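Good morning, colleagues. Please have the display in front of you, as I shall refer to it throughout this short talk.

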Amino acid sequence: MIAVTGATGNVGRALVHRLLAAGRPVRALTRDPQRAALPAGADVVRLQPDDPAALFDGATALFLYAHPRAADLLAGARAHGVRQVVLLSSAIVQEGADETHPIHVMHATVEQQIRDSGLDWTFLRPGAFATNALQWAPQIRAGNTVRGVFAGALSAPVHEDDIAAVAERALLDGGHEGAVHRLTGPAATTNAEQVAVIGAAVGRELTFVESDPREAGPELFPHAPPQMVERLLQTFADSVGVPPEITDTVEKVTGTPARTFAAWTRDHTEDFRGPA
């Protein structure tokens with residue numbers, strides 16, 4: 001039995017589907033089981049850190065994201081027989097990084113908690129998610145202009161199912177204990193280029209119009225605290241014209257090359273096209 005936190009998130013949902021297809025029992029942990037819309041084969045359970053028996057009895061492995069109560073979850077998991085954890089961390093955690101960045105702090109803290117837990121561990125450190133492009137979906141469904149920040153910001157977006165594929169191998173195969181897998185897509189692309197690729201997929205010519213970051217921040221990150229927005233915008237500004245890290249880890253671990261942003265867009269065309 002493998003317990004999957006964040007089971008309705010982009011990576012968690014893809015991982016649940018993969019594990020079930022591989023014939024492995026899955027306990028999908030989510031805040032709202034009634035709205036989870038997960039496959040019938042999954043054991044969908046409400047994520048309540050104060051009830052570790054309900055979460056982990058019978059489980060031997062755990063897929064975890066940087067949950068604010070990760071330490072409690074890890075303690076409960078170990079007490080109920082879990083021996084392995086695969087963490088969805090972040091590429092921001094690396095030698096020489098700004099250790100005061102809130103995203104770094106969040107993920108590095110959980111990584112250390114896992115190291116201290118006594119469990120076998122594997123860390124996945126993906127860079128930019130291709131799903132970040134979904135932030136533009138409402139504008140694309142409404143018209144042909146996308147307003148956003150930093151048209152020239154470069155990233156190598158990684159498909160969420162490629163992250164899930166690496167997680168699957170780390171959970172099911174031996175040899176990943178103590179490994180840190182840095183995951184990216186196969187090529188660099190700018191924000192403006194991504195919008196053009198989405199336009200080709202939906203059959204329309206889209207235009208990226210750069211907005212003033214000071215005005216666009218709250219709109220892009222409506223639920224983030226102001227200090228987080230400021231640091232995120234600075235991170236994006238620093239990526240303009242700077243080639244991103246590109247790894248071949250997805251292919252090395254899974255045997256299949258990482259999918260391009262164009263391939264991700266084809267998988268998500270309906271998200272941008274909207275209702276007929």
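Helix 3 and helix 4 are roughly parallel to each other, because their axes cross at roughly 20° and an angle under 35 degrees counts as roughly parallel. I should say at once that this is a predicted model. Helix 3 covers residues 70–79 and helix 4 covers residues 102–115, and their axes come within 10 Å. The crossing of the two helices is right-handed.

Which residues of helix 3 and helix 4 meet? On the side of helix 3 they are Ala70, Ala71 and Leu74, and on the side of helix 4 they are Val110, Gln113 and Ile114. By class, this contact has 5 nonpolar residues and 1 polar residue, with no charged residues.

I turn next to the loop that leads into helix 4. His101 is placed there, between strand 5, residues 84–88, and helix 4. Is His101 buried or exposed? With a relative accessibility of 5%, His101 counts as buried, because the limit for that class is under 20%. The side chain of His101 reaches the backbone nitrogen of Ile103 at 3.1 Å. Setting aside residues up to four places away in sequence, His101 touches Ile92, Arg231, Leu232 and Thr235.

A second loop position is Thr247, found between helix 9, residues 226–238, and helix 10, residues 249–254. Thr247 has 17% relative accessibility and therefore also falls under the 20% limit, so that it counts as buried. What does the side chain of Thr247 make a polar contact with? The partner is the side chain of Thr249, at 3.3 Å. Beyond its neighbours within four places in sequence, Thr247 is in contact with Arg182, Leu183, Thr184 and Gly185.

Finally, let us consider a residue in a strand. Arg27 belongs to strand 2, which spans residues 26–30. Arg27 counts as buried, because its relative accessibility is 9%. Between Arg27 and Val45 there are 6.9 Å in space, C-alpha to C-alpha, while the two are 18 residues apart in sequence. Val45 is also one of the residues in contact with Arg27 once neighbours within four places in sequence are left aside. The others in that list are Met1, Ile2, Ala3, Val4, Asp43, Ala54, Leu55, Phe56 and Asp57.

To recapitulate, helix 3 and helix 4 are roughly parallel, and His101, Thr247 and Arg27 each count as buried. Thank you for your attention.

How values were computed
Residues are numbered from 1 along each chain as its sequence is written. This is a predicted model: local features need pLDDT of at least 70, side-chain atom pairs count only at pLDDT 80 or more; totals for chains, interfaces and linings use all residues. Side-chain values use heavy atoms; hydrogens and water are left out. Helices (H or I, at least four residues) and strands (E, at least two) are DSSP runs, numbered from the N terminus. Buried means under 20% relative accessible area, exposed over 50%, partly exposed in between (1.4 Å probe, protein chains only). A polar contact is a pair of N or O atoms within 3.5 Å; within protein, one must be able to donate a hydrogen and the other to accept it, and residues adjacent in sequence count only if both atoms are side-chain atoms. Contact means heavy atoms within 4.5 Å. Axes are lines fitted to C-alpha atoms, for helices over the stretch in contact, and angles run from 0 to 180 degrees between N-to-C directions. Angles under 35 degrees count as roughly parallel, over 145 as roughly antiparallel, 65 to 115 as roughly perpendicular and the rest as oblique. A crossing is left-handed if the near helix is turned anticlockwise from the far one by less than a right angle, and right-handed if clockwise. Ala, Val, Leu, Ile, Met, Phe, Trp, Tyr, Cys and Pro count as nonpolar, Asp, Glu, Lys and Arg as charged, and the others, Gly among them, as polar.
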